[in-house]
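Visitor: Take me in for a close look at the aromatic rings, please, and then carry on from there to the other spots on your tour. I work at the bench, so spell out any cut-offs as you go.

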Amino acid sequence: MRIEVISLFPQLVDQVARYGMVQRACAAGALQLRSWDLRDFAERADRRVDERPFGGGPGMVLQAEPAWRALRAARESNPDGPVMALTPRGDVFTQAWAQRLAAERGLTLLCGRYEGIDERLMAHVDVQLSIGDFVLSGGELAAMLLIDAVARLLPGVLGNARSACEDSFSQGLFDHPQYTRPREWRGEEVPAVLMSGDHAAIRRWRLQRALGTTWLTRPKLLVGLELNEEQQGLLRDFIAADRRAVN
Ligand code: ADE
């Protein structure tokens, strides 16, 4: 996959490819990341790309022309996939979005700054995405987050392909809790079932804890899921045990 990122801070965006999974994806040739400096497309000699908003108000607005020129250059180099603007008013980025985008051959990301981008540019953007209901000072961190979430889903990037399927959210649930050595840590034992070698029991325990953790902290995530009989039973038992523990 090839990802183009248009930004006022291309060196910031480049950092995402220096570490961990994204770095590994680039090294393996699964991902090519290129950042574009919006100021290279400025109309003005001072390389400024912002102006005061028409109609008044605080702050500055990114002008349409430099962003449009940058988009055109990035698309010439990488015409595949959607053009996406990172903005707090976009559709919220989720694991389902990450999975959808990981299937694309290319992506072009446009990072806003200041009070936003001239609205007329939005006609040249396919999707507006937000990473949550809060306001960052720019779209760069949002783009880096998106790149990380997508890169780890690219074929051949995660060592164990199963772990992407078992991620939190990939089935609409949080992941189950994990334990590792030592078996006893400061008086706390690992749940006995995990040491039992009984793989069917471990699978059920993990499924129940995934359902239970989701129910405890984000119950709305369960609303859209059609739980099968086993899952319903495991969740019912989890809730009953939780109520007994509370009372
Ligand atoms: N730019 C500023 N805030 C943002 C957010 N929440 N998501 C995406 N881009 C942003």
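Guide: Let's start with a term we'll need all the way: a residue is buried if its relative accessible area is under 20%, exposed if it is over 50%, and partly exposed in between, using a 1.4 Å probe and protein chains only. Keep in mind that this is a predicted model, where local features need pLDDT of at least 70 and side-chain atom pairs count only at pLDDT 80 or more, while totals for chains, interfaces and linings use all residues. Residues are numbered from 1 along each chain as its sequence is written, and side-chain values use heavy atoms, with hydrogens and water left out.

Now the rings. A pair of aromatic rings is described by the distance of the centres and the angle of the planes. Here, rings of Phe, Tyr and Trp (its six-membered ring) pair if their centres lie within 6.5 Å; planes under 30 degrees apart are called stacked, over 60 edge-to-face, and the rest tilted. That rule gives 3 aromatic pairs. One of them is Trp36 with Phe41, a tilted pair with 6.3 Å from centre to centre and 45° between the planes. Both partners are tucked away: Trp36 is buried at 9% relative accessible area, and Phe41 counts as buried at 16%. Trp215 and Phe238 make an edge-to-face pair, again listed at 6.3 Å centre to centre, with the planes at 80°. Trp215 sits in helix 7 (residues 199-217) and Phe238 in helix 9 (residues 229-246), so this pair ties together parts that are 23 residues apart in sequence. For the record, helices (H or I, at least four residues) and strands (E, at least two) are DSSP runs, numbered from the N terminus. Phe238 is buried at 15% relative accessibility, whereas Trp215 is partly exposed at 21%.

Trp36 has another neighbour worth a glance. The charged end of Arg34 sits over its ring, 3.9 Å from the centre; that label needs NZ of Lys or CZ of Arg within 6 Å of the ring centre and within 35 degrees of the ring normal. Trp97 has a similar visitor, with the charged end of Arg100 over the ring at 4.3 Å from its centre.

Next stop, the ligand. There are 13 residues around it, and Thr87, Ile131, Gly132, Phe134 and Leu136 come nearest; a residue is near when one of its heavy atoms lies within 4 Å. The shell splits into 8 nonpolar, 5 polar and no charged residues, where Ala, Val, Leu, Ile, Met, Phe, Trp, Tyr, Cys and Pro count as nonpolar, Asp, Glu, Lys and Arg as charged, and the others, Gly among them, as polar. Strand 5 (83-92) and strand 7 (127-130) each supply at least two of those residues, and strand 5 gives the most, with 3. Backbone atoms reach the ligand too: a polar backbone atom of Phe134 is 2.8 Å from a ligand nitrogen, a backbone N or O atom of Leu136 lies 3.0 Å from one, and a backbone N or O atom of Thr87 lies 3.2 Å from one. Taken alone, the ligand exposes 260 Å², and the protein buries 97% of that; such areas come from the Shrake-Rupley method with a 1.4 Å probe, and for residues only the protein chains shown count as cover.

Right after that, have a look at Glu140 in helix 5 (residues 140-151). Glu140 is buried, at 0% relative accessible area, and its side chain makes a polar contact with the side chain of Arg113 at 2.9 Å. A polar contact is a pair of N or O atoms within 3.5 Å; within protein, one must be able to donate a hydrogen and the other to accept it, and residues adjacent in sequence count only if both atoms are side-chain atoms.

Last, some backbone oddities. Most residues other than glycine have a negative phi, and most peptide bonds are trans. Arg47, though not a glycine, has a positive phi of about 65°; its home is the loop between strand 2 (32-37) and strand 3 (50-51), and Arg47 is partly exposed at 35%. Tyr114 also has a positive phi, near 55°, in the loop between strand 6 (106-111) and strand 7. Finally, Arg181 and Pro182 are joined by a cis peptide bond, with omega about 0°, and Pro182 is found in the loop between helix 6 (161-165) and strand 8 (184-185).
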